[in-house]
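Here is a short report on one chain. It goes from the overall layout down to single backbone angles.

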Amino acid sequence: MISKEHIINRFVSYVTVDTESDPKSETTPSTEKQWDLANKLAEELKAIGMEDVTIDENAYIMATLPSNVNYHVPVIGFVSHFDTSPDFTGANVKPQIIEKYDGKDIVLNAAENIVLSPDYFEDLLQYKGQTLITTDGTTLLGADDKAGITEIVSAMEYLINHPEIKHGAIRVGFTPDEEIGRGAHKFDVEKFGADWAYTMDGSQIGELEYENFNAASAVVKVKGKIVHPGYAKGKMVNSMYIAQEFINSLPRFETPEHTEGYQGFFHLSSVEGKVEETTLEYIIRDHDLGHFEARKEVLRKLTDELNSQYGREVITTEIKDQYFNMREKVEPVMHIVDIAEEAMKQLDITPLIKPIRGGTDGSQLSYMGLPCPNIFAGGHNFHGRYEYVPVESMIKATEVICKIAELTALKQE
Ligand SMILES: [Zn+2]
């Protein structure tokens, strides 16, 4: 069995290193401090007995656990990220360990009256009796995704110490800058050399995900004409009113606050306007590729219509694809999802297979040639002061990794 103490100590040793990423930076990693944990992780991988441990000039870490069987087994990989979200501070994290959680309010910070309550966060109740790790209310925790790293390192260590568990070659990859959307950007898929991989970057126990949004951004610029308001008749064109027409022409209920499951949306994320120019920023999301393309077409058509109505080009719309649904790349190799599902079932975990309403590094990696579903890492309430992780979920995730390795080798016998 994997010891609770061991998991806690390892996790705490990671989250107490500040690795917040920065979207405004153009370097990789985006912040110098990510090297602190990256270097520590590379050393730790060597110390537990991993082979070919490499850390490249962008702080991407890779390592190998060699096969211990004498027949061919596909090479599988496990990937997670060591940066934390810039949405909330990750400096001076002081984890609190709550043993045998009693199902009541957890006072994170008495001085500031910050309480983690099951009245608001109902998910807490499924962990009654378990050991929770929380923040002290002033920072995020960083279970996203240091829980994933804890699980991968612990699973590799477990397999090294238990050679009776038969497995093929396993590759491990840790990346910087996932939280700013660049985790996969400089990931060398060829060097990684796995047939497929899993990101350990989901939330609650049982999550298994291989579908995510198709995603694009759109910037709509509306040009107006500024004239002295006292002499404006027939001359002034107020871009804000045209922008308003644009906004109101899109379906009001196809927005994030009115959609769930497989429903897509247009999300107006920012409006900046003056008489002379107004800029609208949208994101477009849809699981279905056809619907996704149709949504982009809606924006283009609306742009053309308003331009012809005004008799000149008052609106320009620039649409950029961001990422695509990994389902397209995973479905042809569906056994990689089946193995993960089977591993969970054998460990008495109920698989929760659902579409992600967002993207993951795995979706980018899948399009780069490494099919890569996402598995739970155990944490809840990411990117804020209420973040927490049950230790039992981290242990289960560790066991899932070992079981996937075992099942992959078994299928080939
Ligand atoms: Zn994450």
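## Layout

Into which domains is the chain divided? There are two entries in the assignment: domain 1 covers 4-211 + 326-410, and domain 2 covers 214-322. Domain 1 is thus written as a pair of segments, 4-211 and 326-410. The model is predicted. Taken over C-alpha atoms, the centres of domain 1 and domain 2 are 38 Å apart.

## The nonpolar cores

The largest nonpolar core holds 82 residues. Which of them touch the most other members? They are Ile152, Ala197, Ala340 and Ile401. Helix α10 (residues 391-410) supplies the largest share of this core, with 10 residues. Another core lies apart from it and has 16 residues, including Ala218, Val220, Leu299 and Val314.

Ala340 shows how the big core is knitted together across the sequence. Beyond its neighbours within four places, Ala340 is in contact with Tyr198, Leu208, Pro373, Ile375 and Ile404.

## Helix α10

Helix α10 has 20 residues. From its first C-alpha to its last it reaches 29 Å, close to the 28 Å expected at 1.5 Å a residue. Is α10 largely enclosed or largely open? It is largely enclosed by the rest of the structure, because 16 of its 20 residues are buried.

## The annotated binding site

Which residues does UniProt list for "binding site"? An unreviewed entry gives His81, Asp144 and Asp201. These positions are spread over 121 residues of sequence, yet they cluster in space. Their largest C-alpha distance is 8.1 Å.

Asp144 sits in helix α3 (residues 143-161). Asp144 is buried, since 27 other C-beta atoms lie within 10 Å, and 20 are enough for that class. Outside its sequence neighbours within four places, Asp144 is in contact with Ser85, Gly379, Phe382 and His383. Asp201 belongs to strand β9 (residues 196-202). Asp201 also counts as buried, with 26 C-beta neighbours inside 10 Å. Again leaving out neighbours within four places, the contacts of Asp201 are Ser80, His81, Asp145, Gly148, Thr360, Asn374 and Ala377. One of these, His81, is itself on the UniProt list.

## Helix α6

Helix α6 (residues 289-310) has 22 residues. At 1.5 Å a residue they should span 32 Å, and the end C-alpha atoms are 32 Å apart, which agrees. Which residues of α6 are buried? They are Phe292, Arg295, Leu299, Thr303 and Leu306. Leu299 is also a member of the 16-residue core.

Why do the buried residues of α6 line one face of the helix? Seen down the axis, they fall within an arc of 75 degrees, so they share a single face. An α-helix has 3.6 residues a turn, so residues three or four places apart point the same way. The buried residues of α6 pack against β11 (214-223), α5 (239-249), β12 (265-273), β13 (277-286) and β14 (315-323). The face of α6 turned away from its buried side carries exposed residues: Gly290, Ala294, Glu297, Arg300, Lys301, Ser308 and Gln309. Just after α6, Gly311 takes a positive phi of about 75 degrees.

## Backbone outliers

Most residues other than glycine have a negative phi, and most peptide bonds are trans. Some places here depart from that pattern. Where are the cis bonds? One joins Thr28 and Pro29, with omega about -5 degrees. Pro29 is in the loop between α1 (4-15) and α2 (34-48). Another runs from Asp144 to Asp145, with omega near 10 degrees. Asp145 is found in helix α3. This bond therefore starts at a UniProt-listed residue, Asp144.Two residues that are not glycine have a positive phi. For Lys100 the angle is about 45 degrees. Lys100 is in the loop between β4 (96-98) and β5 (106-109). Lys100 is exposed, with 9 other C-beta atoms within 10 Å. For Asp177 the positive phi is about 60 degrees. Asp177 is in the loop between β8 (170-175) and α4 (189-192). Is Asp177 buried or exposed? Asp177 is buried, because 29 other C-beta atoms lie within 10 Å.

Technical notes:
Residues are numbered from 1 along each chain as its sequence is written. This is a predicted model: local features need pLDDT of at least 70, side-chain atom pairs count only at pLDDT 80 or more; totals for chains, interfaces and linings use all residues. A nonpolar core is a set of buried Ala, Val, Leu, Ile, Met, Phe, Trp, Tyr and Cys residues joined through C-beta atoms within 7 Å. A residue is buried if 20 or more other C-beta atoms lie within 10 Å of its own, exposed if 12 or fewer, and partly exposed in between; C-beta atoms are placed from the backbone. Helices (H or I, at least four residues) and strands (E, at least two) are DSSP runs, numbered from the N terminus. Two residues are in contact if their C-beta atoms, placed from the backbone, lie within 7 Å. The expected span of a helix is 1.5 Å times one less than its number of residues. UniProt positions are given in the numbering used here, feature names are shortened, and annotations may be inferred rather than shown by experiment. Domain bounds come from an automatic or database domain assignment. The arc is that of the directions from the helix axis to the C-beta atoms.
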